[in-house]
Amino acid sequence: MLKNSNSGYGWVSITLHWLTALTVIGLFAVGYWMVDLNYYSEWYQTAPHYHKSVGLLLAAVTLFRLAWKIQQPSPQLLGARWEKHLAKLGHIAFYILLFSLFMSGYLISTADGRSIEVFNWFSVPSMGEWIANQEDIAGEIHEWLAYSIIGLALLHALAALKHHVINKDNTLVRMLSPSTSQQPTLNEEKE
Amino acid sequence: MKTTLTSLTLALGLSFATINAQAADYAIDTKGAHASINFKIQHLGYSWLVGRFNQFDGEFSLEDDMSKSAVSVTIDTSSIDSNHAERDKHLRGDDFLNVDKFPEATFKSTKVVPKGDGKFDLHGELTLHGVTKSIVIDAYKIGEGKDPWGGYRAGFMGSTKLKLADYGITYNLGPASTHVDMELHVEGVRK
Ligand code: HEM
């Protein structure tokens with residue numbers, strides 16, 4: 001039940017998926033809100049601190065997720081050929097966007113050589129300034145990527161709903177619980 | 001014949017004089033970094049926050065008759081450096097300098113009023129954040145003379161206080177931080 005099968009996801013993958021979804025949406029909302037905070041807001045220092053801390057922890061979680069994904073079977077994608085291709089492409093784009101977000105965010109705060117404190121728990125050292133005005137360029141990229149990943153997440157959710165409502169396959173429900181992928185649909189489970 | 005000769009020499013002499021006057025023009029030594037444009041602003045009313053602009057350019061003339069002197073400086077606003085990348089990013093953003101829209105700040109003197117002892121009031125137009133205002137820089141000449149490398153140098157120092165709101169910069173940093181002190185340390189090499 002923890003591991004993936006050819007037809008469905010185990011609890012590890014499911015937990016990672018929803019944890020990431022919630023965290024990314026949360027990071028987006030906090031990021032969007034915190035950059036316009038008033039100097040006298042009590043969140044002026046804490047919101048960016050949480051944003052960076054949670055973002056970097058998600059980076060670690062995503063590294064683990066990728067390792068898990070590589071050594072686990074991938075459930076077969078459902079739908080037409082073009083849909084599977086698009087889905088695959090979208091999922092790769094998610095990982096690229098995520099790591100680019102982690103990297104660009106990191107490059108904003110570490111441009112002056114300062115390290116990033118993660119919840120006053122440990123700190124991630126700076127790798128220095130790579131390019132001139134790094135904090136601005138990385139910031140611009142970070143903002144664009146943040147909007148892109150939310151856009152992609154929207155398409156991703158619409159696609160999942162389309163599978164559920166129109167195709168009536170178990171694409172959506174199998175990401176909710178491993179048990180829902182037990183009934184073999186059109187896969188090799190029987191072999 | 002003689003009179004024409006005299007007038008010719010006179011004319012020549014005069015043009016030499018003007019050349020000499022032009023030769024008293026100095027280029028600000030930004031290459032050797034013997035010049036610095038610094039600012040300081042109160043933080044919450046508890047301390048001074050100090051920073052500077054790393055990139056600027058300019059020239060000046062310092063005449064024996066001080067009132068014939070002139071100064072012009074162009075500052076690359078994105079070169080603001082308060083020794084903290086996240087803060088610099090904020091300062092370059094649209095809450096403050098909006099450097100994408102206003103990449104340059106300029107100062108051009110309009111009038112120099114000598115006050116004796118090398119002191120002078122440097123009147124001029126400052127363009128900052130797209131707003132042009134007349135300001136007076138309280139300045140004094142520090143010295144001039146040959147340098148050890150075959151050149152000729154002169155330098156002065158000036159300071160002025162700017163009200164941020166005058167230039168349309170209205171982000172609320174608190175009642176103690178409505179003004180910024182500017183300090184201009186300039187050394188020029190004769191052209
Ligand atoms: C999926 C992950 C992330 C998302 C969705 C995200 C989203 C955002 C958003 C929407 C903003 C506001 C952008 C703007 O309007 O300028 C922002 C700002 C910021 N993010 Fe992230 N972020 C993520 C990860 C990270 C990480 C890992 C770090 C650092 C380690 C980070 C550091 C920052 C910083 C420093 C800012 C503030 C930029 C400023 O001061 O203008 N972010 N983020």
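How far is a nitrogen atom of the ligand from an N or O atom in the side chain of A:His142? That distance is 2.8 Å. Keep in mind throughout that this is a predicted model.

**Exercise 1. Work out the geometry at the iron.**

Task: find which residues hold the iron atom of the ligand, and decide what geometry the site has.

Solution, step by step:

1. Start with the protein donors. A:His51 and A:His142 both coordinate the iron through NE2, at 2.0 Å.
2. Now bring in the angles. The iron has 6 donor atoms, and the angles among them run from 88 to 179 degrees.
3. Compare with the textbook case: six octahedral donors ideally give 90 or 180 degrees.
4. Apply the cut-off. Six donors count as octahedral if opposite donors are over 155 degrees apart and all others between 65 and 115. The iron site is octahedral.
5. Place the two histidines in the fold. A:His51 belongs to helix 2 (residues 43-71) of chain A and A:His142 to helix 4 (residues 134-167), so the pair ties together distant parts of the chain, 91 residues apart.
6. Check the burial: A:His51 and A:His142 are both buried.

**Exercise 2. Map the ligand's surroundings.**

Task: say where the ligand lies, and which elements of chain A line up around the ligand.

Solution, step by step:

1. Look at the chains first: the ligand lies between chains A and B.
2. Take the shell next. There are 23 residues around the ligand, and the closest are A:Gly31, A:His51, A:Ser109, A:His142 and B:Lys89.
3. Assign the shell to helices. Helix 1 (11-34), helix 2, helix 3 and helix 4 of chain A each give at least two residues. Helix 3 of chain A has the largest share, with 7 residues.
4. Now for the polar atoms. A nitrogen atom of the ligand sits 2.8 Å from a side-chain N or O atom of A:His51. On the chain B side, an oxygen atom of the ligand comes to 2.5 Å from a side-chain N or O atom of B:Lys89.

**Exercise 3. Sort two ring pairs.**

Task: classify the pairs A:Phe99 with A:Phe102 and B:Tyr26 with B:Phe60.

Solution, step by step:

1. Know what to read off: a pair of aromatic rings is described by the distance of the centres and the angle of the planes. Over all chains, there are 15 aromatic pairs.
2. Try A:Phe99 and A:Phe102. Their centres are 5.7 Å apart with 90 degrees between the planes, and the pair is edge-to-face.
3. Why are these two about one helical turn apart? Because A:Phe99 and A:Phe102 are 3 residues apart in helix 3 (residues 81-109) of chain A.
4. Compare the accessibility. A:Phe99 is partly exposed at 26%, whereas A:Phe102, at 12%, is buried.
5. Switch to chain B. The rings of B:Tyr26 and B:Phe60 have centres 5.1 Å apart and planes at 15 degrees, so this pair is stacked.
6. Locate the two rings: B:Tyr26 is in strand 1 (residues 25-28) and B:Phe60 in strand 4 (residues 56-61) of chain B, linking distant parts of the chain, 34 residues apart. B:Tyr26 and B:Phe60 are both buried.

**Exercise 4. Find charges over rings, plus a serine.**

Task: identify the charged residues over B:Trp48 and B:Tyr152, then describe B:Ser177.

Solution, step by step:

1. Over B:Trp48 you'll find the charged end of B:Lys40, 4.3 Å from the ring centre.
2. Over the face of B:Tyr152 lies B:Arg190, at 4.0 Å from the ring centre.
3. B:Ser177 is in the loop between strand 10 (152-163) and strand 11 (179-190) of chain B. Buried or exposed? B:Ser177 has a relative accessible area of 4%, so B:Ser177 is buried.
4. Follow the side chain of B:Ser177: at 2.6 Å, the backbone oxygen of B:Gln42 is reached.

**Exercise 5. Sketch chain A.**

Task: give the order of elements in chain A and its overall extent.

Solution, step by step:

1. Count the elements: chain A has 4 helices and 2 strands.
2. Put them in order from the N terminus: α-α-α-β-β-α.
3. Add the dimensions: the C-alpha trace of chain A spans about 60 × 30 × 30 Å along its principal axes.
4. Finish with burial: of the 191 residues in chain A, 37% are buried.

Note on methods. Residues are numbered from 1 along each chain as its sequence is written. Chains are lettered from A and ligands numbered from 1 in the order in which they are written. This is a predicted model: local features need pLDDT of at least 70, side-chain atom pairs count only at pLDDT 80 or more; totals for chains, interfaces and linings use all residues. Side-chain values use heavy atoms; hydrogens and water are left out. Donors are N, O and S atoms within 2.8 Å of the metal (3.2 Å for Na, K and Ca); water is not among the atoms, so sites may look incomplete. Four donors count as tetrahedral if all angles lie between 85 and 135 degrees; four count as square planar and six as octahedral if opposite donors are over 155 degrees apart and all others between 65 and 115; anything else is irregular. Buried means under 20% relative accessible area, exposed over 50%, partly exposed in between (1.4 Å probe, protein chains only). Rings of Phe, Tyr and Trp (its six-membered ring) pair if their centres lie within 6.5 Å; planes under 30 degrees apart count as stacked, over 60 as edge-to-face and the rest as tilted. A charge sits over a ring if NZ of Lys or CZ of Arg is within 6 Å of the ring centre and within 35 degrees of the ring normal. A residue is near a molecule or strand if one of its heavy atoms lies within 4 Å of it. A polar contact is a pair of N or O atoms within 3.5 Å; within protein, one must be able to donate a hydrogen and the other to accept it, and residues adjacent in sequence count only if both atoms are side-chain atoms.
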